[in-house]
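Please walk through this two-chain model and explain how its strands, helices, cores and chain contacts are arranged.

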Amino acid sequence: MAIKDLFKSKLKVVNIGLASFTESLERSGAQSVQVDWRPPVKADAGALAAVEAAAADIEKANAKAVKLILTGKPALVGMGVALDTIPGMTHDLILHAGPPVTWERMCGPMRGGVIGALLYEGRAKTPEEAEKLAASGKIRFSPCHEHGAVGPMAGIVSPSMPVFIVKNEEHGNLAYATMNEGLGKVLRYGAFGPEITKRLKWMADELYPTLAAAIAKLGRIDLKSMIAQALHMGDEVHNRNRAATSLLFRALAPAIVRTCPDSERAAKVLEFIHGNDHFFLNLSMAASKATLDAARGVAGSSLVVVMARNGTDFGVQLSGTGGEWFTGPAPVPDALYFPGFTKADANPDIGDSAITETNGLGGFSIAAAPAIVQFVGGQAPDALRYTKQMYEITAAENGAYQIPSLNFRGAPTGIDVRKVVAKGIFPLIDTGVAHKEPGVGQVGAGILSAPAEPFVKALSGLAGSLSAKPKKQKKTLSV
Amino acid sequence: MTVKGLIKSGEYFDSVTLMIVGRDVTALKGVQDAAVVMGTQENKAILKAAGLLLPEFEKAGETDLLLAVKAESPETASKVLAESEARLLSVRSRSDSEEEYRPKSFEGALKALPGANVALISIAGRYAGEEAMKALKAGLHVMLFSDNVPLEKEVELKEFARGKGLLVMGPDCGTAIINGVPLAFANQVSRGDVGIVAAAGTGLQEVSCILSNESAGLSQAIGTGGRDVKKEVGGIMFLEGLKALLEDPATKVVVLVSKPPHESVLKKIGAAVKDSPKPIVAVFLGAEGKTLSRYGMLPAGTLEEAALLAAALSKGGDAKAAGKKLADRERALSELAVKEASQTAKGQRYVRGLFSGGTFCSEAQLVFQELGISDVLSNAPLAPFKALADALKSERHTLIDLGEDAFTVGRPHPMIDYSLRCRRIQAEAQDPETALILLDVVLGYGSNMDPVRELAPALRDARSTAEQGGRRLVFACSVTGTPEDPQDKDKVSEGLKAAGALVFPSNAAAARFAARVAEYLEGE
């Protein structure tokens, strides 16, 4: 608008800085908006310049990547045993949450999960024996994410564990997750021992075949529409899965009754699902994983396809930078702690469950689940604000996942690492907090801002990929 | 004495919020000193000088918030630290609890306010340039209130803006009025047909207020920031603003306000106004009137004169009317000066001017020079006046700009926070050589909302201090503002008079009065 046109227009002012100026503007009747500005994150100047120079190409790549995400169509299509099902799974491999980590650097709850898994697998008789074996080098560790899988908290997957198989029906790729064990003393919080082993055995021997038969009978369960419905029912399918679990229960129950030869077992299976509000979590994670994996490998794209934590590091992967992990220390959440526990008891953030946020759910859609904010000491308007903030760092809105309280606006989807760094706004993640000692379990819950470092490194990684010789990048689906 | 502190990583508050919290906390019982600042190098240096730099602060970065308290006991220090944190939190939750979502970025703001046409930017200078460039790229005009924007950045922004036909007002532009809307520090003035381009913020305020009070009005008032008319920037925006006003059908008279522009810039201004059918009044404080006349401009010696000239022209009168008005008043001022000066005690010899507006300090010096008062020192001296050895200590006739960096680092501008000036008034009152204290009071949006509450007790205390020493102090004030300002100029003037001050219609008039008093005292 030329200066002379400005003189003829109604003044509309964006105020960046002193809020008192906005008050003055309002008093004199001008339209204005106050920016709650914060300094940008310190990032490598060369990387920033390279990314800025390639802005048009990046936009194009992101448009492509985000389309792959939005068109994704995850459905639960079956179950199998990890060893036979998950690509690359072997007898001496244990999968874990987050970016790669050695036994030496593993946090307490993850070590506990490994011990519990080795006991469950019969590879050790005592925890001490299991620990020795884990440290011996005979057991290999690898991130779930590098095998098309995801796991909450410690995210431990061992060879004989049964897993859900989720298919992205639009793009053909598969994702995997174990079944959720429930709350209390559970493997994903690092608990081990006879009680845990017994439950895992029951899940493998009775829960798994019962569910597998029911799913086979149903053919497929459309997870995308189930998540969409759950968002309308007060879930964000990360820290609140009550509605989604109920919907799953409704879908499964008749099929279980029809396929299970033993009515007592059928009842127990249904009671188990009914008794665990988080039963759907592992499916919402696998659905998100299947959705995002389809958007991997779009050269030049600055969109985030993985955020995951192993309790030591927080890792990020971008669509445009292949399998490379960008990591920084995982933060200890400023959470609301259960009575008797404090931040001093807390383990740094852990779990693959941030895949839901990466997919626009969880903390990104928290406006759909105000109950959670209350749970962590906030108020309903906080939830709206959190979600609105996430629109500022995302590339698109997911029309399938709508948020009723925002007039059915689509979930903020496709985290753009450029926007994260430039605006200093970090992804908000709903998180459960594990005790730092193995086996104690959950000690709190909260809403956490992702740390800066992985995103700053990812931006540099992206800049590097731009300057690298343009080679034909294969789509690296984790199948 | 105990010093305690803490670091809050990744917490960001704007500098004014921090300064207000810092000031309030310092005023708490048992606190000797306190600081609530972002962990920049400059702030760390300030903390170090104040003995508040804790070892753990060394590694803090500029996105870390530092809180430090020096108190009489460890318990007090801890308590005050917690109190500071709570106050910051309450600021945050206040803005957070508002129903309206506040976007976190410029991009988000554009979505929230489609069709936005001006970006008003007042964040720290090292970030401000980037945000300004974003706004320009999005086609918005920019008012850059922030200072400490690098010169190269200013040139880059202005050249880019000129290419796109956009305005960049600032950096360090304190005031502008566009379409009648006051931006940043500006006054509620009448609308009319006088357009202003100013490279001096307080000067713009003074001219626009006097115009308004003279029943003339403003079409547009464009600020450019003081550096614009220097050689390096080349007057880019001064010229763009001037051209826009010359083309603007709603503008009949143009007023140019600045300290003397660089020769090369003045030449360009001259070329731009040549053949203009609109009268151009120029107040380039300290510039040769003859040069301006040669370019066809009407030169004014003071801001007030410029405003009176423009008001007369706007109302269809001619320049002579303004001259006569000033000449008439001059006689009254001289008589008043003699009357007041003759009542001072022996030994009271000097004028002490304590200015919150830098332009006013310059203008006052020019008035003193014009009237031949030579024994004047300043922290911002205009040749031939010399610099004060110590800005904190007045000598002979002293005219101080309290808005200079030495006074403002780490605290709000003296137009907002009067505490420094009030302390200085008391110090001057204790000096047996002080005869007159000269003050400017600037009203409008952004300024202190109740200056009388701050100044009246300070004036009364100063008066009684002097009286205890058998002296009589004269207080001379100007009030820059309008009755429509949130503070109400008339109310403020009455309040100051009630506190014993003589209130003048302009800074130039107050300075002339003070200079006449000085003249009388020298002759004694």
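Thr175(B) has Ala184(B) as its bridge partner in β8(B), and this pair belongs to a set of 4 bridges by which strand β7 (residues 175-178) of chain B is joined to strand β8 (residues 181-184) of chain B, the two running antiparallel. Between β7(B) and β8(B) there are 2 residues, so few that the two strands make a hairpin, and in its turn Asn179(B) has a positive phi of about 50°. The model is a predicted one, and the values given here are to be read with that in mind.

The hairpin's chain, chain B, is divided by the domain assignment into domain 1 (2-97), domain 2 (106-323) and domain 3 (327-523). Between the C-alpha centres of domain 1 of chain B and domain 3 of chain B the distance is 34 Å. Helix α7 (residues 201-213) of chain B has 13 residues, which at 1.5 Å a residue should span 18 Å, and the end C-alpha atoms are indeed 18 Å apart, in agreement with that expectation. This helix is mostly covered, with 13 of the 13 residues of α7(B) buried. After α7(B) comes Ser215(B), whose phi is positive, near 65°.

Turning to the nonpolar interior, the largest core holds 162 residues, of which Val142(B), Met143(B) and Ala310(B) touch the most other members. Helix α18 (residues 507-523) of chain B gives the most to this core, namely 10 residues. When its neighbours within four places in sequence are left aside, Ala310(B) is in contact with Val194(B), Leu211(B), Ala216(B), Val253(B), Val255(B) and Val281(B). Apart from the largest core lies another core, of 150 residues, and among them are Val269(A), Leu318(A), Ala452(A) and Leu466(A).

Chain B also contains an open sheet of 7 strands, which follow one another in the order β16-β15-β17-β14-β18-β19-β20 with parallel pairing. At the edges of this sheet are β16 (386-387) and β20 (502-504) of chain B, each of which pairs on one side only. Within the sheet, strand β14 (residues 350-355) of chain B pairs in the parallel sense with strand β17 (residues 397-401) of chain B over 4 bridges, and Leu354(B) stands opposite Ile400(B) in β17(B).

Helix α13 (residues 358-370) of chain B has 13 residues and reaches 19 Å from its first C-alpha to its last, which is close to the 18 Å expected at 1.5 Å a residue. Because 10 of the 13 residues of α13(B) are buried, this helix is largely enclosed by the rest of the structure. The buried residues of α13(B) include the charged-group member Glu363(B), and among the others are Gly358(B), Phe360(B), Cys361(B), Val367(B) and Phe368(B). Just after α13(B), Gly372(B) takes a positive phi of about 75°.

In chain A, the domain assignment gives domain 1 (3-35), domain 2 (45-70 + 296-467) and domain 3 (73-286), and the C-alpha centres of domain 1 of chain A and domain 2 of chain A lie 33 Å apart. An open sheet of 4 strands is found in chain A, in the order β11-β10-β9-β13 and with antiparallel pairing. Its edges are formed by β11 (326-329) and β13 (350-351) of chain A, each with a single partner strand, so that one side of each is left without a neighbour in the sheet. Strand β10 (residues 313-318) of chain A pairs with β11(A) in the antiparallel sense over 4 bridges, and the bridge partner of Val316(A) in β11(A) is Phe326(A).

How do the two chains meet? In the contact between them, 36 residues of chain A touch 50 residues of chain B. On the side of chain A that touches chain B, α1 (3-6), β1 (12-16), α2 (19-27), β2 (31-35) and α15 (380-391) of chain A each supply at least two residues, and the largest share, 5 residues, comes from β1(A). By type, the residues of this side of chain A divide into 19 nonpolar, 9 polar and 8 charged. The strand β1(A) also takes part in pairing across the two chains, for β1(A) and strand β4 (residues 118-121) of chain B pair in the parallel sense over 4 bridges, with Ile121(B) in β4(B) as the bridge partner of Ile16(A).

Key. Residues numbered from 1 in each chain as written. Chains lettered and ligands numbered in written order. Predicted model: local features only at pLDDT ≥ 70, side-chain atom pairs only at ≥ 80, totals over all residues. Domains from an automatic or database assignment. Contact = placed C-beta atoms within 7 Å. Pairing = 2+ DSSP bridges. Expected span 1.5 Å × (residues − 1). Buried ≥ 20, exposed ≤ 12 C-beta atoms within 10 Å, placed from the backbone. Core = buried A, V, L, I, M, F, W, Y, C linked by C-beta atoms within 7 Å.
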